[in-house]
Amino acid sequence: MSVVLGIESSCDETGIAIVKNGTEVLANEIASQIDIHKVFGGVVPEIASRQHTKIISQLVDQVLKSVDEPIDAIAATQGPGLMGALMVGLSFAKALAYSWKLPFVPVHHIEGHLFSAFLGEKVPEFPFLALIVSGGHTQIIQCDQAHHYRILGTTRDDAVGESFDKVARLLDLPYPGGPSIQKAAVDGDPRAFDFPRAMRHKGNLEFSYSGLKTAVLYTLQEGEKDVADVAASFQAAAIDILLIKIKQAIHQTSAQRLVVAGGVAANQLLRDRITTELDVDVFLPPFKYCIDNGAMIAAAGHSRLEHGLTGDFSTTPNPSLSL
Ligand SMILES: Nc1ncnc2c1ncn2[C@@H]1O[C@H](COP(=O)(O)OP(=O)(O)OP(=O)(O)O)[C@@H](O)[C@H]1O
Ligand SMILES: [Mg+2]
């Protein structure tokens, strides 16, 4: 039983939350910087760090004031992410833990995404297979027990979320690309263009998304195209690859449970297909915990605390931390 304050600042969201027992969110605040970075078409690292610094104490204050229960530990994202941005959240967490004499728990950002699935109505049990689909990662991970992970497949180039962002830019749709493409695709025909499903016949669980983006680019260079049709056809191909590979992974590992997490887990087509086409018990985070947030970091921090995996004050941010 513990109440953990979670701090996420790896990219362009300052996420602060208080979570009880790794599953019950008592408070959750997110300050998104999307509107600030939008004009640049992507995240500007220096601006991101400065924004985190500006808002972090106010957000922590806000969640602490809204919860009566005492805090047992402070968890924060150690990496991967942007160096300056990570530094803000991690330093803040260490300072709080030091002054309050509480355990400090560093968390891997992708482990955080994984634990966002524990914040839903149905909590997964180990072992399970995980499909992580975010702005920087596309991975199939075998999770036999908490904090023991085996990466079965990953992307050779772009991540799936990154491909949504890049294709949105080609289509002049607003950043972030995932939600814009999903919206534009509603009125489009997913069969209008036959975009490639890369590596579908390879026997491995590797992904590749850069060819799909290039195929969209070449199609657009041919002449005027209907944006909704391109968006729908791209989305269909991007999600289809995920289904092909996850079916293969389930077959190979005989997995009974599947966790799908990361920003792209908010995609409605993916959610619909994952819940209807697979013969496994599926665990999806609620929409608001798909993109970066502090609650997922607190949930992972709770589990680390239970397993005695706390950090010390010499822990430093690591932009390329491995799982
Ligand atoms: N409805 C959606 N459909 C498809 N993609 C989406 C949707 N909503 C968000 N995304 C994508 O999710 C990504 C953001 O997710 P997330 O916050 O998990 O990524 P990140 O933190 O930048 O990367 P990582 O977690 O790998 O470090 C963006 O690429 C965005 O386009
Ligand atoms: Mg993320």
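What covers the buried residues of H6? In this predicted model, the cover includes H5 and helix H8, which runs over 227-253. To see how that arrangement fits into the rest of the chain, it helps to begin with the whole and return to H6 afterwards.

The secondary structure of the chain amounts to ten helices and ten strands. Its radius of gyration is 20 Å, close to the 20 Å that the globule rule gives for 323 residues, so the chain is as compact as a globular protein of that length. Along the principal axes, the C-alpha trace spans about 60 × 45 × 30 Å. Of the 323 residues, 48% count as buried. Among contacts with a separation of 6 or more, 75% are made by residues 24 or more positions apart.

The chain is divided into two domains: domain 1 takes in 3-118 + 289-306, and domain 2 takes in 124-284. Their centres, taken over C-alpha atoms, are separated by 26 Å. Where the domains meet, 14 residues of domain 1 are in contact with 19 residues of domain 2. On the domain 1 side, helix H1 (34-38), H4 and helix H10 (294-306) each supply at least two residues. H4 gives the largest share of that side, three residues. By class, the domain 1 side divides into seven nonpolar, five polar and two charged residues.

Ligand 1 brings both domains into the picture again. The shell around it draws at least three residues from each of domain 1 and domain 2. Three helices each supply at least two residues of this shell: H4 (109-115), H5 (160-170) and H6 (177-185). H4 therefore appears in two settings, as a contributor to the side of domain 1 that touches domain 2 and as a contributor to the shell around ligand 1. Of the 23 residues around the ligand, those that come nearest are Gly135, Gly136, Gly161, Gly178 and Gly263. The shell as a whole has seven nonpolar, 13 polar and three charged residues.

Gly178, one of the residues that come nearest to ligand 1, leads back to H6. The buried residues of this helix are Gly177, Gly178, Ser180, Ile181, Ala184 and Ala185. Seen down the axis of H6, they fall within an arc of 170 degrees, so they line one face of the helix. The general background is that an α-helix has 3.6 residues a turn, so residues three or four places apart point the same way. H5, which is part of the cover over the buried residues of H6, also supplies residues to the shell around ligand 1.

The loop between H5 and H6 has backbone features of its own. It holds Pro176, and the peptide bond from Tyr175 to Pro176 is cis, with omega near -5 degrees. Asp172 is placed in the loop between H5 and H6 as well. Its phi is near 60 degrees, a positive value in a residue other than glycine. Asp172 is exposed, with 8 other C-beta atoms within 10 Å.

Comparable features occur around helix H3 (83-100). A cis peptide bond joins Gly79 and Pro80, with omega about -10 degrees, and Pro80 lies in the loop between strand S4 (73-79) and H3. In the loop between H3 and strand S5 (104-108) is Lys101, which has a positive phi of about 55 degrees although it is not a glycine. Lys101 is exposed, with 6 other C-beta atoms within 10 Å.

Note on methods
Residues are numbered from 1 along each chain as its sequence is written. Chains are lettered from A and ligands numbered from 1 in the order in which they are written. This is a predicted model: local features need pLDDT of at least 70, side-chain atom pairs count only at pLDDT 80 or more; totals for chains, interfaces and linings use all residues. A residue is near a molecule or strand if its C-beta atom, placed from the backbone, lies within 6 Å of it. Helices (H or I, at least four residues) and strands (E, at least two) are DSSP runs, numbered from the N terminus. Ala, Val, Leu, Ile, Met, Phe, Trp, Tyr, Cys and Pro count as nonpolar, Asp, Glu, Lys and Arg as charged, and the others, Gly among them, as polar. Domain bounds come from an automatic or database domain assignment. The radius of gyration is taken over C-alpha atoms; the globule rule is 2.2 Å times the number of residues to the power 0.38. A residue is buried if 20 or more other C-beta atoms lie within 10 Å of its own, exposed if 12 or fewer, and partly exposed in between; C-beta atoms are placed from the backbone. Two residues are in contact if their C-beta atoms, placed from the backbone, lie within 7 Å. The arc is that of the directions from the helix axis to the C-beta atoms.
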